[in-house]
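Here are a few short exercises to work through with the model open beside you. Try each task before reading its solution.

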Amino acid sequence: MKVETPSANPLLQAHARLREAERLRQARALDKAQGICAELLKAQPDYVGALQTLGLIHAERREHEAARQNLSRAAMLSPRDWKILTALAGTYL
C-alpha cells in the first residue's frame, strides 16, 4: 500500500495548512493565520474549514461583519455543523 505525503496530495496539503492556521489562531498569531486562510480560499473558495477559521479570526478581532460573512458562508455549505452555527450566533451577540 502506497502512503501519500501531504506534498504529493493537494487535499492533504490543504488540510495540513488549515491545521497550521488553526494552531496559529489559537496562539494569537492572527495575521499569519489569516494569511494562510486567505491563500486556501483563493485556491478553493468553498473550503468550509478555512471559512470557519477566518470567521473566528475576525470574531477575535471584533470585526463582527467580516466574521458573519465568513461564518454565514461556512454555515450555508455545512448547515448542520454546530460549531459553525454556535460561532455565527456568537457574532450576533
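**Exercise 1.** With which residue does E20 form a salt bridge, and how far apart are the closest N and O atoms?

*Solution.* Before starting, note that this is a predicted model, where local features need pLDDT of at least 70 and side-chain atom pairs count only at pLDDT 80 or more, while totals for chains, interfaces and linings use all residues. Residues are numbered from 1 along each chain as its sequence is written, and side-chain values use heavy atoms, without hydrogens and water.

Step 1: apply the rule, a side-chain nitrogen of Lys or Arg within 4 Å of a carboxyl oxygen of Asp or Glu.
Step 2: the partner of E20 is R23, with the closest N and O atoms 2.7 Å apart.
Step 3: E20 and R23 are 3 residues apart in helix α1, so about one helical turn separates them. (Helices are DSSP runs of H or I, at least four residues, numbered from the N terminus.)

**Exercise 2.** Find the salt-bridge partner of R61 and place both residues.

*Solution.* Step 1: R61 pairs with D31, the closest N and O atoms being 2.5 Å apart.
Step 2: R61 sits in the loop between α3 and α4 and D31 in helix α2, so the bridge ties together parts 30 residues apart in sequence.
Step 3: D31 is exposed at 60% relative accessibility, while R61 is partly exposed at 25%. (Buried is under 20% relative accessible area, exposed over 50%, partly exposed in between, with a 1.4 Å probe and protein chains only.)

**Exercise 3.** Which residues does Y47 contact, leaving aside neighbours within four places in sequence?

*Solution.* Look for heavy atoms within 4.5 Å: the contacts are A14, H15, L18, L40 and L41.

Definitions and conventions:
Helix = DSSP H or I, 4+ residues; strand = E, 2+ residues; numbered from the N terminus.
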